[in-house]
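Work through the following exercises with the sequence and the model at hand. Each task is followed by a solution in steps.

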Amino acid sequence: MKKDNLKIAGKFLKSRLIVGTGKYKSFPETAKAIKASGADMVTVAVRRVNILDKKKPILTDYINPKKIIFLPNTAGCFNSEEALRTLRLAREMGGWKLVKLEVLGDKKTLYPNMIETIKSTKTLVKEGFKVMVYCSDDPLLAKKLEDEGASAIMPLASPIGSGLGLQNKINLSLIIKQSKVPVIVDAGIGTASDATIAMELGCEGVLVNSAIAHANKPILMAKAFKDAVVSGRNSYLAGRMKKNYFASPSSPIKGLI
Amino acid sequence: MAKIQINGKKISIKSNFSIQDLLKKYKLADKKIAIEHNGTIVPKINYKKKYLKNNDKIEIVHFIGGG
């Protein structure tokens, strides 16, 4: 059987779980959770270096970009200009061309500004970036992103960090069915079963941060997500049974005493 | 002497101070960072030859945890 690996922009990933590196209590905890998750790609943010404290540990002291794929993101950017600036800096930092674009539109909901997102995608693709795009779950806008050259479509399940899970399975299914590039559910996943449901719908992967980092036991939750994603994928590939309105006995009637 | 701004903080530097010297000063020479000099990204190969002058604005960024 051919290995069922996730392929994004020509790159093969062993795991269909991508994890964020934010919100953990400490760097050692971040590193342990990533290891337990089995993810081979992690999202990272770009921020100013703290020049006042030269000895303070930094993320790359604990997570080696040579051993795990860094996916620079534009979290916190509210317009195309800020997002482009961030990703150009990320590319300069280590040659990263595969990036996650996230242009936010509203501070309360962190809902994506799709007009700025589409504009940024266009420019980034032109500049040679491979762009994985955080987006709303509107199938038409998702299609537009694909047409503009996005390498992956990443619709939200519900608002970032909300843990509300999949709120619109119909829209996600429509996006999955129409897309030729991988669809990865990003944002809003609350617990392992949400990831399984997303994978059963036919998503190519899920991106999880808060649900792991804010669990009571983040390292155990990372393991739960690893298994949940594998289960969901297998379940999708296996193809679920048909739903019936009435019961159907599991034991044969013939030979009943 | 020249006064420059680095990551929003005003500092004084000696004259003939390059970006490379600045990185050494902050122990960042071997770190994964990127630099903007007055809004323009400076390629790594230019760190040694890019000298800083009065009122220059420098931004030094790196990767931090994020989702």
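The exercises below deal with salt bridges, a charged patch and helix burial.

The model is predicted, so local features need pLDDT of at least 70 and side-chain atom pairs count only at pLDDT 80 or more, while totals for chains, interfaces and linings use all residues. Residues are numbered from 1 along each chain as its sequence is written, chains are lettered from A and ligands numbered from 1 in the order in which they are written, and side-chain values use heavy atoms, without hydrogens and water.

**Exercise 1.** State how many salt bridges there are over all chains, and place the pair Glu127(A) and Arg91(A).

Step 1. A salt bridge is a side-chain nitrogen of Lys or Arg within 4 Å of a carboxyl oxygen of Asp or Glu. By this rule there are 16 salt bridges over all chains.

Step 2. Glu127(A) and Arg91(A) form a salt bridge at 3.8 Å, N to O. This pair links distant parts of the chain, 36 residues apart: Glu127(A) is in the loop between helix H4 (114-126) and strand E7 (130-135) of chain A, and Arg91(A) is in helix H3 (residues 80-94) of chain A. Helices (H or I, at least four residues) and strands (E, at least two) are DSSP runs, numbered from the N terminus.

Step 3. Buried means under 20% relative accessible area, exposed over 50%, and partly exposed in between (1.4 Å probe, protein chains only). Glu127(A), at 29%, is therefore partly exposed, and Arg91(A), at 23%, is partly exposed.

**Exercise 2.** Is Glu148(A), a partner of Lys144(A) in a salt bridge, buried or exposed?

Step 1. The closest N and O atoms of Glu148(A) and Lys144(A) are 3.0 Å apart.

Step 2. Glu148(A) is buried because its relative accessible area is 16%. Lys144(A), at 36%, is partly exposed.

Step 3. Elsewhere, salt bridges that share partners join Asp4(A), Arg16(A), Glu204(A) and Arg233(A) into one network.

**Exercise 3.** Find which residues of helix H6 (residues 169-178) of chain A are buried and what covers them.

Step 1. The buried residues in H6 of chain A include Asn171(A), Leu172(A), Ser173(A), Ile175(A) and Ile176(A).

Step 2. Their cover includes helix H5 (139-147), strand E8 (152-155), strand E9 (184-186) and helix H7 (192-201) of chain A. Contact here means heavy atoms within 4.5 Å.

**Exercise 4.** Locate Ala224(A) and give its distance to Ala192(A).

Step 1. Ala224(A) lies in helix H9 (residues 218-238) of chain A and, at 28% relative accessible area, is partly exposed.

Step 2. The C-alpha atoms of Ala224(A) and Ala192(A) are 6.0 Å apart, with their positions 32 residues apart in sequence.
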